[in-house]
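Here are two short exercises to work through with the model open beside you. Try each task before you read its solution.

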Amino acid sequence: MPFPAHFHFGASTSAYQIEGAVNEDGRKPSIWDEFAHKSGRIKDNSTGDVACDHYHRWREDVDLIRSLGHNAYRFSIAWPRVIPNGRGAVNAKGLDFYDQLVDRLLENGIAPYATLYHWDLPMGLHTQGGWLNRETCHAFADYAAVVAQRLGDRVYGYATFNEPRCSATVGYLEGRHAPGEMDQAKALQVAHHLMLAHGLGMQALRVNTSKARLGVVLDVKPYHAADNSAASRQAAYNAYGVFNRWFMDPMFLGHYPQDIWEGYGAAVPTVQAGDLATICQPIDSLGINYYSRGHVAHSAAKAFPHAAEVRCATSSFSDMGWEIWPDGLREMLVRIHQDYRVPDIYIAENGAAMDDVLEDGQVHDPVRRNYLESHIAAVAQARDSGVPVSAYLAWSLLDNYEWGHGYTRRFGICYVDYPTQQRIPKDSALWLRDFIASQGAQPYTR
Ligand code: GBH
């Protein structure tokens, strides 16, 4: 058995993707409510207004988690529920929701992993410049303190941000996520502010907790050259730097990667004295989200890092078109451990979207089952080579609102029949349940 009994197995979700109830109990809009309703850029023109109705069904959802044998669950806290305008008045009902959720998880032997920001910036802050405005970093730290004062050490692990890279790059460069801008310089300034907010948030969490494990969740990706030319190898190296080192070097080494900084030319962010020291706070645990690898060739037509994706003919792909490449998870775990020596790493998200169909009350999803099995095996290999990995959390517990893809992509290990809101564990969830049991996993106790 490659995993010890205290290893955490479970699944992840995020607030806007599952909660619904967007106008209830004092919640105000976030940039995602605005984007989903007004941008015209969501595939099925859907919104998170109802999503999985988790805000009303959370008790049943905790029962579901328990029934699957999980001893951990990662969710995110909606800033627009807790501090509806982003700063100022705290909404007691917003805090109550997460307070009750955390208690019920603990009663059921499930370790709560809470992410403070999974892309839902309150509109009240966005209208004042949002992540382009440095003041937002301080508002985030105040929000982090409010949450930690209420939930404290009942939360097993706090993460400040989910994937700051995605918020900056997909939201401000590619324009596919809220707020839908397309500007490299803005994207890099936003990335800097997200990292600064992470540092300030870490300080706020540190003074308001004592046992909880603090950190951040980053999306990570290895890059391989699609051909052996020097130009393509250089493009893969730079693409790795843009995706991974741009965030991990400041956070864990205290400086931006100089080579990538030069590559960006005039688009680099304004950095004030002391920012990097603030960004580089000691963390207890790093969450990584792993889905795929990059397989790229040099392309002069593309902006820095001059890398164009090349589809590998012999590989298989999920419904998102993402290459299934389990060894990249082992590779990233080993490399992060070597490069940064963070004390602990956990898999905060890993999974695949598939074209699932409900047949006679069952969902047969062999590709997802194999995906989970092969990636868990990659985690076991990394542990064998000495990487301290403490948890594996699949994305996602439920089919849910897949951002720009709306409800057209299903990532859940449990199928959601949206008209009835019924949850049906897919074959992959049942396989994971049996695998967890086979490892002798123990319920979480504080
Ligand atoms: C996560 O983002 C989010 O945290 C979560 O909310 C979301 O639902 C989930 O993923 C599924 O999308 O170019 O083929 O190598 C993941 C963002 C996904 C960005 C993988 C990079 C690389 C795909 N990452 N993607 S590929």
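**Exercise 1: the ligand shell**

By class, the shell around the ligand is made up of 8 nonpolar, 5 polar and 7 charged residues (Ala, Val, Leu, Ile, Met, Phe, Trp, Tyr, Cys and Pro count as nonpolar, Asp, Glu, Lys and Arg as charged, and the others, Gly among them, as polar). This is a predicted model, where local features need pLDDT of at least 70, side-chain atom pairs count only at pLDDT 80 or more, and totals for chains, interfaces and linings use all residues. Residues are numbered from 1 along each chain as its sequence is written, and side-chain values use heavy atoms, with hydrogens and water left out.

Task: find which of the 20 residues around the ligand come nearest, and list polar side-chain atoms that lie close to a ligand oxygen atom.

Solution:
1. Gln 17, His 118, Lys 221, Glu 402 and Trp 403 come nearest (a residue is near if one of its heavy atoms lies within 4 Å).
2. Polar side-chain atoms lie 2.8 Å from a ligand oxygen atom for Trp 403, 3.0 Å for Asn 162 and 3.3 Å for Ser 292.
3. The protein covers 87% of the 580 Å² of accessible area that the ligand has on its own (Shrake-Rupley method, 1.4 Å probe).

**Exercise 2: two helices**

Task: work out how the axes of H3 and H5 are arranged.

Solution:
1. The axes of helix H3 (residues 54-67) and helix H5 (residues 92-107) come within 10 Å and cross at roughly 10°.
2. H3 and H5 are therefore roughly parallel to each other (angles under 35 degrees).
3. Their contact has 7 nonpolar, 2 polar and 4 charged residues.

Key
Axes fitted to C-alpha atoms, helices over the stretch in contact; angles between N-to-C directions. Helix = DSSP H or I, 4+ residues; strand = E, 2+ residues; numbered from the N terminus. Parallel < 35°, antiparallel > 145°, perpendicular 65-115°, else oblique. Polar contact = N/O pair within 3.5 Å; in protein donor to acceptor, adjacent residues only side chain to side chain.
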